[in-house]
Amino acid sequence: MPSSKKSKIKKTAATKSKPAKKPIKTAKKIGAMLEGKKAPAFQLADANGKTVALKDLLGAGNLVLYFYPKDMTPGCTIEACSFRDNNDRLIALGAQVVGISADSSASHTKFTEKHGLNFPLLADPDNKVTGLYGVYKMKSLYGRQFMGIERTTFVIDKSGVVRRVFAKVKVNGHTDEVLEALKALE
């Protein structure tokens, strides 16, 4: 009998852990489902506190909208500096880069100044826009689960349609992937 009790306990524990995974699957689906559809509209503050809307960004051409976890962290710094260093190539392909994280405008200002970033960073402290784009999801680090932003890039054409979604981005070589996706839009 003790072994049957153990198996019941295991089944119960497995059942209780399933609901925690649903937000992950749902969030992944949202990001993937956006490809080929209109990008969700938003308005967020930039590093200077000025409100920036998606429609204003698209007025200038194609958009590389990238979501990242946190200012001043190693991976986010490498990614931002890669976009900075390749900004002329992105502009030549008719695109601009915009980064979004849950950091404050003040944090974005420090990050921009420290690394000489030449594109805007937008603040989404309430994670409303990260939720719309399906990048705010359950993450796991060292066995601890928490909600956070999954590094994801959206290539949006000038008409506002999401043409490419790069989920779970690995920062090394990512800018080259984005450049190739932009070339495919021409």
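Where is the place of histidine 174? Here are my notes on this one; keep in mind that the model is predicted.

1. **Histidine 174.** To answer the opening question, histidine 174 sits in helix H7. Its relative accessibility is 1%, so histidine 174 counts as buried, the cut-off being under 20%. Setting aside residues up to four places away in sequence, histidine 174 touches Glu79, Phe83, Thr153, Phe166 and Val169. Keep Glu79 and Phe83 in mind, since both belong to H3 and turn up again in the helix pair below.

2. **The chain overall.** Before going further into details, here is the general picture. The protein chain has 7 helices and 9 strands. Of its 186 residues, 45% count as buried. If you take the contacts between residues at least 6 apart in sequence, 63% of them join residues at least 24 apart.

3. **H3 against H7.** Helix H3 covers residues 74-85 and helix H7 covers residues 174-185. The two pack with their axes 9 Å apart, at an angle of about 45 degrees. Why do H3 and H7 count as oblique to each other? Angles under 35 degrees would be roughly parallel and 65 to 115 roughly perpendicular, so about 45 degrees leaves the pair oblique. As for handedness, the crossing of H3 and H7 is right-handed.

4. **Who meets whom in that pair.** From H3 come Glu79, Ser82 and Phe83, and from H7 come His174, Thr175 and Val178. By type, the residues of this contact divide into 2 nonpolar, 3 polar and 1 charged. So histidine 174 is one of the H7 residues meeting H3.

5. **Threonine 153.** This residue is found in strand E8, residues 152-156. Is threonine 153 buried or exposed? Its relative accessibility is 0%, so threonine 153 counts as buried. Leaving aside neighbours within four places in sequence, the contacts of threonine 153 include Val64, Leu65 and Tyr66, along with Arg164, Val165 and Phe166. Glu79, His174 and Val178 are also among the contacts of threonine 153, and those three residues take part in the meeting of H3 with H7. Val169 is on the contact list too; the C-alpha atoms of threonine 153 and valine 169 are separated by 7.4 Å, with their positions 16 residues apart along the chain.

6. **The cysteines.** How many disulfides does the structure hold? The count is 0. Cysteine 76 has 1% relative accessibility, so cysteine 76 counts as buried. Cysteine 81 is at 13% and therefore counts as buried as well. Cysteine 81 is found in helix H3, where it touches His115 and Leu117, not counting residues up to four places away in sequence. Measuring C-alpha to C-alpha on the model, cysteine 81 and leucine 117 are 7.0 Å apart in space and 36 residues apart in sequence.

7. **Isoleucine 149.** Moving to another strand, isoleucine 149 lies in E7, residues 144-149. At 5% relative accessibility, isoleucine 149 counts as buried. Isoleucine 149 and phenylalanine 67 are 82 residues apart in sequence, yet 7.2 Å apart in space, C-alpha to C-alpha. Beyond residues up to four places away, isoleucine 149 touches ten residues' worth of names worth scanning, including Phe67, Tyr68 and Pro69, then Ser101 and Ala102, and also Asn127, Thr130, Val135, Tyr136 and Lys139.

8. **Two backbone angles to look at.** Methionine 72 has a phi near 70 degrees, a positive value in a residue other than glycine. Methionine 72 lies in the loop between strand E3 (62-67) and H3. With 37% relative accessibility, methionine 72 counts as partly exposed. Asparagine 127 is not a glycine either, and its phi is positive at about 55 degrees. The loop holding asparagine 127 runs between strand E5 (121-123) and helix H6 (128-132). Asparagine 127 has 13% relative accessibility and so counts as buried; it is one of the residues that isoleucine 149 touches.

Note on methods. Residues numbered from 1 in each chain as written. Predicted model: local features only at pLDDT ≥ 70, side-chain atom pairs only at ≥ 80, totals over all residues. Heavy atoms only, no water. Disulfide = S-S within 2.5 Å. Buried < 20%, exposed > 50% of the residue type's maximum accessible area, 1.4 Å probe, protein only. Axes fitted to C-alpha atoms, helices over the stretch in contact; angles between N-to-C directions. Helix = DSSP H or I, 4+ residues; strand = E, 2+ residues; numbered from the N terminus. Left-handed = near helix turned anticlockwise from the far one by under 90°. Contact = heavy atoms within 4.5 Å. Nonpolar A, V, L, I, M, F, W, Y, C, P; charged D, E, K, R; others polar.
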